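Hi everyone, thanks for coming. Today I'd like to walk you through some side-chain contacts, so let's get the structure up on the screen.

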Amino acid sequence: MHFLVRLAVFLSLCGCSNAQGQTKEEDTEEVKIEVLHRPENCSKTSRKGDLLNAHYDGYLAKDGSKFYCSRTQDEGHPKWFVLGVGHVIKGLDIAMMDMCPGEKRKVIIPPSFAYGKEGYAEGKIPPNATLMFEIELYAVTKGPRSIETFKQIDTDNDRQLSKAEIELYLQKDFEKDEKPRDKSYQKAVLEDIFKKNDHNGDGFISPKEYNVHQHDEL
């Protein structure tokens with residue numbers, strides 16, 4: 001994948017995480033998933049921290065009106081996002097777990113897992129709206145928030161990421177890029193990563209701050 005895509009995802013805020021307590025509505029509502037097509041050969045399924053590439057269309061369940069179509073946005077390119085860290089609404093994070101590349105699903109998402117009582121005026125979604133999505137997954141890869149990537153960056157295996165470790169990881173990524181970057185640019189990227197992820201200001205990024213702390217494998 002192109003360097004800038006990987007970098008943009010790496011710089012995303014951990015503050016968007018969905019690791020929050022459930023409301024009373026969430027206790028009684030659930031995301032409904034209908035598998036429309038699942039490939040016979042499926043060696044890898046999606047999980048939290050994976051980087052997914054997918055197309056999805058969104059409809060209001062009440063009247064079937066379409067409010068979003070990824071095929072008409074950004075010249076119709078499929079969307080890249082990290083699963084389970086709040087890049088999409090909570091209902092989609094739930095609905096796209098355990099999917100195979102090539103799989104298609106139809107999902108119904110209640111308001112408490114979508115835009116709730118406030119709705120989303122800019123997206124033409126009214127308050128308390130139940131949403132329906134048709135999803136087609138194209139690719140599942142190890143994302144920048146994956147356990148494997150955390151371990152790859154954590155060269156001294158102390159379960160926290162230092163500036164030196166992330167700087168080394170970035171340097172290797174810069175070397176893969178088509179355009180050379182000077183040291184000032186690399187330093188600015190490094191500072192931005194810590195500004196957005198080192199929430200306690202101790203100079204390290206912990207598994208929790210990296211947002212992989214709910215995986216058993218780490």
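I'll go through the salt bridges, then the aromatic pairs, then the cysteines.

One thing to keep in mind before we start: what you are looking at is a predicted model.

Let's begin with charge. As a reminder, side chains of opposite charge can pair when their charged atoms come close. How many salt bridges does the structure hold? The count is seven, and I'll pick out a few of them.

Please find Asp 57. Lys 66 forms a salt bridge with Asp 57, and the closest N and O atoms are 4.0 Å apart. Arg 71 also meets Asp 57 in a salt bridge, at 3.8 Å from N to O. That second pair links distant parts of the chain, as Asp 57 is in strand β2, residues 50-60, while Arg 71 is in the loop between β3 (66-69) and β4 (79-82). The two residues are 14 apart in the sequence.

Are these partners buried or exposed? Asp 57 is buried, because its relative accessible area is 8%, under the 20% cut-off. Lys 66 is partly exposed at 46%, and Arg 71 is partly exposed too, at 37%. So for Asp 57 we have a buried acid with a salt bridge to Lys 66 and another to Arg 71.

Now please move to Arg 105. Arg 105 forms a salt bridge with Glu 103, with the closest N and O atoms 2.7 Å apart. Here Arg 105 is buried, with a relative accessible area of 5%, and Glu 103 is buried as well, at 0%. Coming back to our acid, which residues are joined into one network by salt bridges that share partners? They are Asp 57, Lys 66, Arg 71 and Glu 136.

On to the rings. There are six aromatic pairs in the count. Tyr 56 and Phe 81 make an edge-to-face pair, with 6.3 Å from centre to centre and 85° between the planes. Because Tyr 56 lies in strand β2 and Phe 81 in strand β4, this pair ties together parts that are 25 residues apart in sequence. Tyr 56 is buried at 10% relative accessibility, and Phe 81 is buried at 4%.

Tyr 56 has another ring partner, Phe 133: the centres are 6.1 Å apart and the planes sit at 70°, so this pair is edge-to-face. Tyr 56 is in strand β2 and Phe 133 is in strand β6, residues 131-142, which puts the two 77 residues apart. Phe 133 is also buried, at 4%. If you zoom out a little, ring pairs link Tyr 56, Phe 67, Tyr 68, Phe 81 and Phe 133 into a cluster.

There is a charge over a ring to show you as well. The charged end of Lys 163 sits over the ring of Phe 194, 5.4 Å from the ring centre.

Last stop, the cysteines. The structure holds one disulfide, formed by Cys 42 and Cys 100, with their sulfur atoms 1.9 Å apart. The link is left-handed, at -100° about the S-S bond. Where do the two halves sit? Cys 42 is in the loop between β1 (32-37) and β2, and Cys 100 is in the loop between α3 (90-95) and β5 (104-109), 58 residues apart. Cys 42 is partly exposed at 29%, whereas Cys 100 is buried at 1%.

Thanks for listening, everyone.

Conventions
Residues numbered from 1 in each chain as written. Predicted model: local features only at pLDDT ≥ 70, side-chain atom pairs only at ≥ 80, totals over all residues. Heavy atoms only, no water. Salt bridge = Lys/Arg side-chain N within 4 Å of Asp/Glu carboxyl O. Buried < 20%, exposed > 50% of the residue type's maximum accessible area, 1.4 Å probe, protein only. Helix = DSSP H or I, 4+ residues; strand = E, 2+ residues; numbered from the N terminus. Phe/Tyr/Trp six-rings, centres within 6.5 Å; stacked < 30°, edge-to-face > 60°. Lys NZ or Arg CZ within 6 Å of the ring centre and 35° of its normal. Disulfide = S-S within 2.5 Å.
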